[in-house]
Amino acid sequence: MEYYYKNIEQAGTILAGLNRRINLLALSRLGVILLGAALFFWIVQTESFWALIALFFVLLITFALLVWRQSRLEEQRVRWRAFAAINQNEIQLKEGQSNHYDDGAAYRDPAHPYSDDLDIYGDRSLYARINRSATRQGRDLLAAYLAAPAAAPATSEVPAAAPVTSDTSNTARETLGTPALISLRQEAIREMAADREWCQQLQVDLFHARQDGRDLKQVLEHYVSGKRAEAGGQPSKSDGSNADFGNKLLSYYVKLAPYLVITVFALSYWIPLMANLGLWLMIAHLLFSLGYAGRVNQIGGKFDKISALLRTISAALTSIENKNWQSRMMVGLSERVRSGGTSGLSISLAIRRLAGLLEKLDYRLNMLVGALMNMIFLWDFRQVLALQEWRRLHGREVIEALDVVGETEALMSLAVLRINHADWCFPGIHPETDRVLAFSEMNHPLIDQSVAIANSYSKQDHRIALITGSNMAGKSTFLRTVGVNTVLALAGAPVCAKNMQVSVMHLITYMRIRDSLQESTSTFKAELDRMKMLLQIIQEQPSAYFLIDEMLRGTNSVDKYKGSKAIIKKLIAAQASGMVATHDLQLSVLEAEHPDVIRNYHFDIQVVDGEMLFDYRLKEGECKIFNASLLLRGIGIEVDPA
C-alpha cells in the first residue's frame, strides 16, 4: 500500500505542475490573439503589405506552436490521471471497495461445474478482485483461465523444451501437457511481477480502452472482412464498403492531382487563361469527391472516433515489443508482434499508421478545410486508397496482434495479484493421474488475511474427506477455500497458501442449490439435477474432484441420510475423489466401512460459560459437538433435550 500511496502523491504533484503550465499556455494563446489584433490594426494604418504578411505568418506559427505544446502537455496530463486512477483502484480494492475494471458478471453461468458456487465471476467475485484487463480479449482470456485448467493448443504458449521462435508449430504446442503450460504461465507471471512499474505502464497505456469499451478487434474484423455487425455483434452479409475503391488509373491520378493543380496555376503567370482552367479543375475535383462522399462516409463510419483507441493499443504493443523478455511465453508473444509479419513493419507502427490515416480522413468533417483539401489533393480519395492498401498489408496481422495484447493483459492481471500478495506461493502442478492435493496454511483469497484462519490438508491415504461439524463452524468456507485456490493454481496464478501441491483436476461443486419459480423447479429437483451433472462429469473425467456441501437439503431427515449415504457409496464405486461437508454425524461411520477411501475431518466449537467459541480449524476425526440448540436458545427458543 505504501507503494500505491507514494505513486498517488507523485501523480498529484506532477498533475498540479501540468495544470499550471497548461493554464499559462492558454493565457499565452489569448495574449497572442490580443497582441496580434493590436499589431494588425497598427500595421494596416501604415499600409505596409509585406509587414502585414510577415505578421500573419509569425502569429500563425506562434499560435500553432502554443497549441502543439499545450496538446502535448494535455496528453501527459491524461496519462498521469490514468496513473493516479490505477493506483487509487488498488487502494480501494484493499479497502473492500469495487474494482474499476469489469467484474466478469457477463461470464456467470449457473450451469458451469463450479464458477457460481465458488464466486468466480460477478460482484465481489474472484474475477472482480483480480481483473486488470481493459480490452475485450484480455477479459475473455482471463475468464477462460478461471473457467478450466490450462489446455493446449494455445498459439502463444510454446513447449518448454522447444526453442523459442515465432514460428513454433501448432503440432508441437498440442503435445504440451497442462502442467507444462501452467509452468510457462507461472514463469511469465513471475517476470511481470518483478517489474511492477512495467505492469502499471501497461495499465496506463490501455486506460483509454477501458473507458472506451468498444471491441477494437470486432471493428477491424468487420472492416477487413467487409461484413457489417448484426445484433449480438455477429458479422452478417457484406455491406459493400470494402470492395476495391477505384482502380489503378484513379490511384495514379490522385497522386498526380496536387502537382497538376500547382502546375496549372504556375503557368497562369505566363498564360492568364490557365487560372480559369485551374479553377475549373479544382471545382471538378470537389464535385468528384462529393459524388463519392457516400462511399467515403461508409468506410469512415466503421472507424467512428476510434483513433484514440488505436493509439492506446499501439502504445501497449510498443511496451510489449520493447521489453527485453526472459520468460518463454512472453518472448513468444513479443516475437509475434515485433517481427511485423509480411509487411516488415512492427504491429505497433502499423496500428499507429492506421490511426494517422483515420485522423487525416476526419479532415473532411470540417466543411471548409475538407472542400479545400479535396479541391487540391483529392484528399478523401487519397486517404481511402491508403486505407485500402493498409488493409491489404496489415489487416490480418493486426487482428491477430490484438490477441497478444489480450493474453498479456490476462497474465498481467495475475502478476498484479502476485505483486499485491508477495507471500502467496506458486503451487507445484502434477499430472492428473497423480491425484495430488496437499496444502499448508491456506486461506480464502477474498477474505481479509488479517482475520482469516488458515488450514492445512493432505490427501495421501484417502480419496474422500468427510467433513462434519456444527453450524457456522467453517465447513462451507473451507470447501470454497480449497476450490478457489485450486482454480487459481490451475490458471497459473499464485495461491493464498504457504505451500500447495495439486494435480490437474476438473472441479465440480454441489453447494448453492436454488429452486426456480420460472422453471417450476423445487429445491429437491434442483439438487437432483446438480447431482446428476456431478455424477456424469465424474464418469467422463477420471481427474474430476468434487466439493459437496450438505447433500439433499430439500427432503426429510431420514431420506436425506439414506440418500446421502447412497450417493457417497456411488462416488466410492466410481473411484472418485473429493470432499463432502455434512451435518449428518451418522455418515462418519463410513470411514470404518471404507478405511482406504474415506477419512473423517471436522470443525467444532468450544462452549465456555455458555458462549460458543469458533476456532475454524480443520481437525481429524468426526465432530462430537453441535450447536443448533445453543443458537436457538440465543434467540429465545428452548429445545427439549429429550
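Visitor: Ser-289, buried or exposed?
Guide: Buried, with a relative accessible area of 4%. Buried means under 20%, exposed over 50%, and partly exposed in between, using a 1.4 Å probe and protein chains only.

Visitor: What am I looking at, source-wise?
Guide: This is a predicted model, in which local features need pLDDT of at least 70 and side-chain atom pairs count only at pLDDT 80 or more, while totals for chains, interfaces and linings use all residues. Residues are numbered from 1 along each chain as its sequence is written, and side-chain values use heavy atoms, with hydrogens and water left out.

Visitor: Where does Ser-289 lie?
Guide: In helix α11, residues 273-291. Helices are DSSP runs of H or I with at least four residues, strands are runs of E with at least two, and numbering starts at the N terminus.

Visitor: And what does Ser-289 touch?
Guide: Asn-374, Leu-378 and Phe-381, leaving out residues up to four places away in sequence. Contact means heavy atoms within 4.5 Å.

Visitor: What about the phi of Leu-378?
Guide: It is near 50°, a positive value in a residue other than glycine. Leu-378 sits in the loop between α16 (367-377) and α17. Leu-378 is buried, at 0% relative accessible area.

Visitor: And the phi of Tyr-616?
Guide: Tyr-616 has a positive phi too, near 55°. Its place is the loop between β13 (611-614) and β14 (619-620). Tyr-616 counts as partly exposed, at 35% relative accessibility.

Visitor: Zooming out. How many helices and strands are in the protein chain?
Guide: The chain has 22 helices and 14 strands. Of its 642 residues, 48% are buried. Among contacts between residues at least 6 apart in sequence, 74% join residues at least 24 apart.

Visitor: Which residue's C-alpha is 7.5 Å from that of Leu-220?
Guide: That of Gly-395, 175 residues apart from Leu-220 along the chain. Leu-220 lies in helix α9 and is buried, at 1% relative accessible area. Setting aside neighbours within four places in sequence, Leu-220 contacts Phe-303, Leu-354, Val-398, Ile-399 and Leu-402.

Visitor: Switching to pockets. What volume has the largest pocket?
Guide: About 650 Å³. The closest residues to its centre are Glu-75, Val-78, Arg-79, Arg-311 and Thr-312, out of 21 that line it. On a 1 Å grid over the protein atoms alone, a pocket is an open set of points with protein on both sides within 12 Å along at least five of seven lines; a cavity is a set where a 1.4 Å probe fits but cannot get out; lining residues have an atom within 4 Å of a point. Points are joined across faces, edges and corners, and a volume is the space filled by probe spheres set on them.

Visitor: Which element gives the most to that lining?
Guide: α13, with eight residues. The elements that each supply at least two are α2 (49-94), α7 (196-205), α8 (207-212), α13 (307-322) and α15 (347-361).

Visitor: How does the lining divide into nonpolar, polar and charged?
Guide: Six nonpolar, eight polar and seven charged. Here Ala, Val, Leu, Ile, Met, Phe, Trp, Tyr, Cys and Pro count as nonpolar, Asp, Glu, Lys and Arg as charged, and the others, Gly among them, as polar.

Visitor: How many cavities of 30 Å³ or more?
Guide: Seven. The largest holds about 100 Å³ of space. It is lined by 13 residues, with Thr-135, Gln-137, Arg-214, Leu-216 and Ile-313 nearest its centre. α4 (136-147) and α13 each give two or more residues to that lining. α4 gives the most, with three.

Visitor: Which residues of α4 are buried?
Guide: Gln-137, Gly-138, Arg-139, Leu-142, Ala-143, Tyr-145 and Leu-146. What covers them includes α3 (126-130), α6 (178-193), α9 (216-225), α17 (379-420) and α18 (475-491).

Visitor: Last one. Which residues of α19 are buried?
Guide: Ala-526, Glu-527, Arg-530, Met-531, Leu-534, Ile-537 and Ile-538. They cover an arc of only 135° around the axis, so they are on the same side of α19. The arc is taken over directions from the helix axis to the C-beta atoms. On the other side, Lys-532, Gln-539 and Glu-540 are exposed.

Visitor: What covers the buried residues of α19?
Guide: The cover includes β8 (506-510), β9 (544-549) and α20 (557-573).
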